[in-house]
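I opened the model to go through it entry by entry. These are my notes, in the order in which I looked things up.

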Amino acid sequence: MTTAPRICPLCEATCGLTLTIEGTRVTGARGDRDDVFSRGFVCPKGASFGELDADPDRLRAPLVRVDGELREATWQEAFDLIAARMRPLTEEHGPHSVGVVLGNPNVHTMAGALYPPLLVGALGTRNLFTASTLDQMPKHVACGLLFGDPNAIPVPDLDHTGHLLLLGANPLDSNGSLCTAPDFPGRLKALRRRGGTLTVVDPRRTRTARIADRYVPIRPGADALLLAAVAHVLFAEGLTDLGALAGQVQGVSEVRDAVRDFAPEAVAAGCDMDAEEIRTIARELAAAPTAAVYGRVGSCTVEHGTVTSWLVDVLNILTGNLDRPGGVLFPLSATDRAPAAPSATGAAVPGRGFALGRWTSRVSGHPEAKGELPLAALAEEIETPGEGRIRAVIALAANPVLSAPDGDRLDRVLDGLDFMVSVDPYLNETSRHADVVLPPPPPAQSAHFDFAFNALAVRNQVRYTPAAVPLEEGRMDESEIHARLILAVGGAHGAAPADVDEAAIGRALGKAVADPSSPVRGRDPKELSALLTGGTGPERRLDLKLRLGPYGDGFGANEGAGAWADADVDGDGSGGPGLSLARLREHPHGIDLGPLRPRLPDPLKTRSGRIELLPAPIAADLPRLRAALTRTGRPGSLVLVGRRHLRSNNSWMHNVPALAGGSNRCTLQIHPDDAARLGLRDAAPVRITADGGAVEAWLEITDTVRTGVVSLPHGWGHDRPGTRTAVASARPGVNVNQLLDGSRLDPLSGTTVLNGFPVELSPVEVPPVKMPPVEPPPVELREVRP
């Protein structure tokens, strides 16, 4: 028996694990006490790593469709078929005849982070759809408009803040999102122990809300009204104080005028809150020595998601807490671009800025955001005839039949495609439609580095774990799968997969040597390429990013790190730059690079070189928010919100027996008063009807939801034929997104409104088929902290 460190890929917390291995099988997982970031914390998902890794339902070989049936095939046969079908299709119908769909798991693997941009580039398509428009796109758009870079997302300085205002987030169940923080529960409890304040705004009294100093059960979808009223109070009572930001912000007076109509009395009815409570929230936020406002899924997936996300950082700015220790700060990942030298005069440096709507979708004219179109538009782009119709789909770790609105419609139209490829370990509700399914190996057989989540971490650190066990015979590494797919669709089928990585390295080095601010300016790209270490293409690309990053060795130049040159890259207290893959591999539990620090103006890429506090697209959308001031639900009406479970991540974990049952149940939660008024009984079936149709679920009466609100979790509905997920199919639940028809979108980001939409309930006399009550699992797994 041996052990090996492994970064957990099952949620955004990126905890370190210690895997127990017998032969080539993972038999256990516990928290890695030596991990520089998570310090031994583990949640039920991480503890079940071995069971997920060994899931017998994971596909072991490619599947290809022959005479209408999916059958096992060789890797060569699979890629031969892709090349034979995809290239002629794009040559006849053009590059936009292919739609690429990316699911959330892509940001949890090295391959998913490195190769999809190359695939989209090889295809030349503008039809890119991702899970971001079901989740976080409003935050990207808001930050792009404020700071000029949609990936410049400030995160709460959780370990040092004195006041945290949290909206639409339940990190005790989700482990955090767009805020990478192992042991989020412990960090919140530490906040309170040091005398800080936690305020939670949520229509559900979640586990997070139960540990708060103040819990505000707001009406769903009203977060933007509340935040606008808080900004109004800050201006009206002279509580704004930009502090060190004063010279870097433009548009403060314009924001003052924009929130003039949102007095607490004006928004109180829409929020279902007392006006004086809103004033108290504003005053406490302004009075706190340090404070952070943080909003997540519940505040993004609503009709004013982008405006809400914008207002979150407007409040951080107006109180002087942006780019301030204890407030919200911009992390600096080891694979980020090294900060440029500051202007000698301190003057603002103009950037390229961020633009929306550079192109639009063919059918409904939805504007792109961050290069993506709304996932809600995928079905109509496939089924609507005409030039530019999507005829083929490549789905990478994506299950839009469950995650996108109106899965029944998408289920039908996927069958009408000329060709479909899925990269997925399971035959699930979406991949069952594919002509070719390419299964990546289990996570223990893959190396891991968090390109995305390190840029959102509450502490600067860097960690890399190689594969814990060798690649099983007959499997293909996920990176090689992606590289061969790129070659097959790009007209280079049969070329060496390493050519994809070497081409990417060549392009990156060509840019670096031509960049006047780069530590390798003027050097020979071939010489630099020869210096890269790593046994695989992804490792060589990682080494390149580390060496050119803010803590990197600069290929021996030791330049470009600037204010970050004192980071303790060796981990021995000596400080100094010098990060590379070789150096990182010497530290299997990671390297701590220190607390977050102020970074402005470096993250700013706006055309003005300043924070643009009231961007034109936001100003143009504010009349829609003002119209909400006079809208209130009719008496007795209900709206639906989702919820997260600690034991799952969307639909990923429903096939793991150790994570089934317990609190991980697909029930419709309702307040006792609403249930009594409607004559509904606990544990009885109920029909839920909304724009997109109706579903039937088991009722759970609980006072953890406020009146007027019902809650049904996302990611269920495993009852379609042709899948191979035995555990999930035995407890299928219902697909909440079938209640949506895709017409409810946040217009700026194209994000589907998944929370706060109206529903109607009625009792069901006969229990629905395939929805038995869920039994608890044999073992109750809990969070574990050292």
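Before placing anything in a loop I fixed my terms: helices (H or I, at least four residues) and strands (E, at least two) are DSSP runs, numbered from the N terminus. With that settled, I put P601 in the loop between β19 (591-595) and β20 (611-612). I checked the peptide bond there and found that L600 and P601 are joined in cis, with omega about 10°.

**Confidence.** I noted that this is a predicted model. I looked up the mean pLDDT of the protein, which is 93, with 94% of the residues at 70 or more. I then marked residues 559-563, where the pLDDT is below 50 and the model has seven contacts beyond near neighbours in sequence. I also marked residues 769-786, where pLDDT stays under 50 and the model has 51 contacts beyond four places in sequence. I keep in mind that predicted coordinates should not be read in detail where pLDDT is low.

**Aromatic rings.** I searched for aromatic pairs and found four in the structure. I took up W75 and F79: the ring centres are 6.3 Å apart and the planes stand at 20°, so I entered the pair as stacked. The cut-off I needed for this is planes under 30 degrees apart. How far apart are W75 and F79 in helix α3? They are four residues apart in α3 (residues 75-93), which means a separation of about one helical turn. I checked the accessibility of both partners: W75 is buried at a relative accessible area of 14%, and F79 is buried at 3%.

**Charges over rings.** I looked for arginines over ring faces and wrote down two cases. R541 lies over the face of Y115, 5.0 Å from the ring centre. R547 lies over the face of F555, also with 5.0 Å to the ring centre.

**Strand β15.** Is β15 enclosed or open to the outside? I counted five of the five residues of β15 (residues 392-396) as buried, so the strand is largely enclosed by the rest of the structure. I recalled that side chains in a regular strand alternate between the two faces of the sheet. I sorted the residues of β15 by side: A392, I394 and L396 are on one side, V393 and A395 are on the other, and all are buried, so both faces are covered. I then traced the partner strands. β6 (residues 98-102) runs parallel to β15 and is joined to it by five bridges. On the β16 side, five bridges again join β15 to β16 (residues 419-423), and these two strands run parallel. I followed L396 across: L102 stands opposite it, and so does V423 in β16.

**A four-stranded sheet.** I read off an open sheet of four strands in the order β11-β10-β9-β13, with parallel pairing. Which strands stand at the edges? They are β11 (214-216) and β13 (292-295); each has a single partner strand, so one side of each is left without a neighbour in the sheet. I noted that neighbouring strands of this sheet are turned by 15° against each other on average, direction ignored. I looked more closely at β10 (residues 197-201), which three bridges join to the parallel strand β11. One residue I followed there was T199, whose bridge partner in β11 is R214.

**E380.** I located E380 in helix α16 (residues 378-383). E380 is buried, with a relative accessible area of 13%. I listed its contacts beyond four places in sequence as R362, V363, S364, H366 and R409. I also checked E380 against G121: they are 259 residues apart along the chain, and their C-alpha atoms are separated by 23 Å.

**N737.** I found N737 in the loop between α26 (726-730) and β26 (745-746). Buried or exposed? N737 counts as buried, at 2% relative accessibility. Its contacts, leaving aside neighbours within four places in sequence, are L402, S403, A404, P405, D406, H714 and L754.

**Positive phi.** I noted D183, which has a positive phi of about 55° although it is not a glycine. D183 is in the loop between α7 (171-174) and α8 (184-193), and is buried with a relative accessible area of 17%. I noted A683 too, a residue other than glycine with a positive phi near 65°. I placed A683 in the loop between α25 (672-678) and β23 (685-690).

Definitions and conventions
Residues numbered from 1 in each chain as written. Predicted model: local features only at pLDDT ≥ 70, side-chain atom pairs only at ≥ 80, totals over all residues. Heavy atoms only, no water. pLDDT = per-residue confidence, 0-100. Contact = heavy atoms within 4.5 Å. Phe/Tyr/Trp six-rings, centres within 6.5 Å; stacked < 30°, edge-to-face > 60°. Buried < 20%, exposed > 50% of the residue type's maximum accessible area, 1.4 Å probe, protein only. Lys NZ or Arg CZ within 6 Å of the ring centre and 35° of its normal. Pairing = 2+ DSSP bridges. Axes fitted to C-alpha atoms, helices over the stretch in contact; angles between N-to-C directions.
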